[in-house]
Amino acid sequence: MPEQAREVWDQFLLALSGLALDADLAQTVGDGWDARGTIAGVDVVVDVRANPTVGDVLALAARGNNGAHKILVAGQIWGPAREALRGQGISYFDGRGHLRLWEPPLLVDTPVPTRRNGPSNVRPRGDSPSAIDVALAVLDGTTAGGVRAAAEVLGRAPSTVSKRLAALRAAYLVDEEGRPVVPALFEAVLAAWHPVRLPLADLPRPGAGPVNARLGVGLDDPDGPGWVLADMHAAAAWGAPVVLPGDAPPDFYVANAASAARARALLGDAHYGRHACTVAVAPAPYVCRRRFNRTAVADEPFRAPSLVVAALDLAADPARGRETLDLWSRDLPPEVSRVW
C-alpha cells in the first residue's frame, strides 16, 4: 500500500477505535480489494484511494464482493462522489473527518477526529491566495503552457508556481501531466471560496477616467488587471441559464483589500436593496488578472472573469447554484472542458 494510502488507512483505523467499533481487518493482495474482514460483526471489503471520482465509485459498485459490504476509504471525498456513494449503498471514510458505515445493524454516520482536524488543528495551506491562484490556472488550462508561461500570467515567481503544483500533485489534485483531477480540484478550491460582499451606493461608469483610474477598474486597459464581474452577472456573461432582471445591481471582484477600501471611499456605502453594486475581494489575485470581453453575450461594459470563476460562484450558492451549474453544463461548447 503506498505511503499516502497507508496514512489514510491508519486514520480510518483510528476513527473505528475512537468509536469503540470492534474491527478485525487484514490487508489483502491480488483480489482487487485493499482489505477484508469484519466491523462490529459485519463482513466488509475495503478500497483505499486518494481522491475518488464518481467514475471510481461506479466502478467500485460494479466490483464483485462475495456478499461483503463495501467501504471506500479516501483522503478526501468531494460532493458528487459522496452522493454517488450514498446512492450506491457504499459506506465511506473521508480523511477530512467523516465516517459513514451504513449496513444494518451497523448504522454510523458521524464526524470523527483525525490527524488533520484533531486537537492540533493544523490545516494544510491549500487556501492561501497563491495556492488558489495556481489551482485556478490549472483548472482553466493556463498551466498547460508550462510553469514559466503560467508564472507570467499569474504574476508570480516560477518557483512559487512550481512549488504549488508539486503540492497539488502530492494531494492527488493534479495528475503527472499537470491536468486537474476532476472534480476533486474544483471542489478543493470551492472549499476555500468565501468572498465577502460589500454593498456600495454607486458604481464605476465608462468615461469616468480619473475616478476609474483611482479605483483600478481597468476599463481603459482591458489586457491588464482590474475589476471583473462576479456571481450571477459573471455566469450570465458566460451564457449560464440564470434569471437576471435588467435592473439587477452588478457584483464585482476587486484585486485586494486596498481596492475595496478605495471603492467604499469613492462610491460610498449602502444598504442592500438600495445599493448600486457590490464588491468583494477576490479569493486570489488571478481572478482579477484573467479578464475576458463577453459583450457578444452580455451587454456589459465590464470584463468577465474566467469561466471557472463563474462556475465557482454558482457552485457556492447554497440555494440553486448546483442545479444551475448542472443545467449550464449540458450546453457548454465542445471546446470548454468541464472541470466540476
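Which strand holds Pro-111? The legends below take up that question and several others about this predicted model.

**Figure 1. The whole chain, built from 13 helices and 11 strands.**
The view shows a predicted model. Its C-alpha trace spans about 75 × 45 × 40 Å along the principal axes. The protein chain has 340 residues, and 46% of them are buried. About 16,500 Å² is exposed, with carbon and sulfur atoms supplying 51% of that area. Take the contacts between residues at least 6 apart in sequence: 61% of these join residues at least 24 apart. The chain carries 34 positive and 38 negative charges, and the mean positions of the two sets are 4 Å apart.

**Figure 2. Pro-111 in strand β7.**
Pro-111 belongs to strand β7, which covers residues 106–111. Pro-111 is exposed, at 63% relative accessibility. Set aside the neighbours within four places in sequence, and Pro-111 is in contact with Gly-97 and His-98. Phe-12 is 99 residues away from Pro-111 in sequence. In space, the C-alpha atoms of Pro-111 and Phe-12 are 12 Å apart.

**Figure 3. A salt-bridge network of Asp-47, Arg-49, Asp-56 and Arg-63.**
The whole structure contains 14 salt bridges. Side chains of opposite charge can pair when their charged atoms come close. Arg-63 and Asp-47 form one such bridge, at 3.3 Å from N to O. Arg-63 sits in the loop between α2 (54–62) and β4 (69–74), and Asp-47 sits in strand β3 (residues 42–49), so this pair ties together parts that are 16 residues apart in sequence. Asp-47 is buried, at 5% relative accessibility. Arg-63 is partly exposed, at 22%. Another bridge links Asp-56 and Arg-49, at 3.8 Å from N to O. Both ends of this bridge are partly exposed: Asp-56 at 23% relative accessibility, and Arg-49 at 31%.

**Figure 4. The salt bridge between Asp-269 and Arg-264.**
The side chains of Asp-269 and Arg-264 meet at 2.9 Å, N to O. Asp-269 is partly exposed, with 47% relative accessibility. Arg-264 is also partly exposed, with 40%. Elsewhere, salt bridges with shared partners join Asp-47, Arg-49, Asp-56 and Arg-63 into one network.

**Figure 5. Helix α3 and its cover.**
Helix α3 runs over residues 79–88. Which of its residues are buried? They include Gly-79, Ala-81, Ala-84 and Leu-85. Among the elements covering the buried residues of α3 are α2, β4, β5 (91–94) and α7 (184–190). Just after the helix comes Gly-89, with a positive phi of about 70 degrees.

**Figure 6. Two cis peptide bonds.**
Most residues other than glycine have a negative phi, and most peptide bonds are trans. The bond from Pro-104 to Pro-105 is cis, with omega near 5 degrees. Pro-105 lies in the loop between β6 (98–103) and β7. The bond from Val-182 to Pro-183 is cis as well, with omega near 0 degrees. Pro-183 lies in the loop between α6 (158–170) and α7.

**Figure 7. Positive phi at Ala-20 and Tyr-172.**
Ala-20 is not a glycine, yet its phi is positive, at about 60 degrees. Ala-20 is placed in the loop between α1 and β1 (23–27). Is Ala-20 buried or exposed? Ala-20 is exposed, with a relative accessible area of 68%. Tyr-172 also has a positive phi, near 60 degrees. Tyr-172 is found in the loop between α6 and α7. Its relative accessibility is 39%, and Tyr-172 counts as partly exposed.

**Figure 8. Confidence along the chain.**
The mean pLDDT of the protein chain is 90. A value of 70 or more is reached by 95% of the residues. Which element has the lowest mean pLDDT? Helix α1 (residues 3–18) does, at 85. Strand β10 (residues 251–254) has the highest, at 98. Over residues 117–125, pLDDT stays under 50. The model has seven contacts beyond four places in sequence for residues 117–125. Where pLDDT is low, the predicted coordinates should not be read in detail.

Technical notes: Residues numbered from 1 in each chain as written. Predicted model: local features only at pLDDT ≥ 70, side-chain atom pairs only at ≥ 80, totals over all residues. Heavy atoms only, no water. Salt bridge = Lys/Arg side-chain N within 4 Å of Asp/Glu carboxyl O. Helix = DSSP H or I, 4+ residues; strand = E, 2+ residues; numbered from the N terminus. Buried < 20%, exposed > 50% of the residue type's maximum accessible area, 1.4 Å probe, protein only. Contact = heavy atoms within 4.5 Å. Areas by Shrake-Rupley, 256 points an atom, 1.4 Å probe, with all protein chains shown as cover. Lys, Arg positive; Asp, Glu negative; His and termini not counted. Charge placed at Lys NZ, Arg CZ, Asp CG, Glu CD. pLDDT = per-residue confidence, 0-100.
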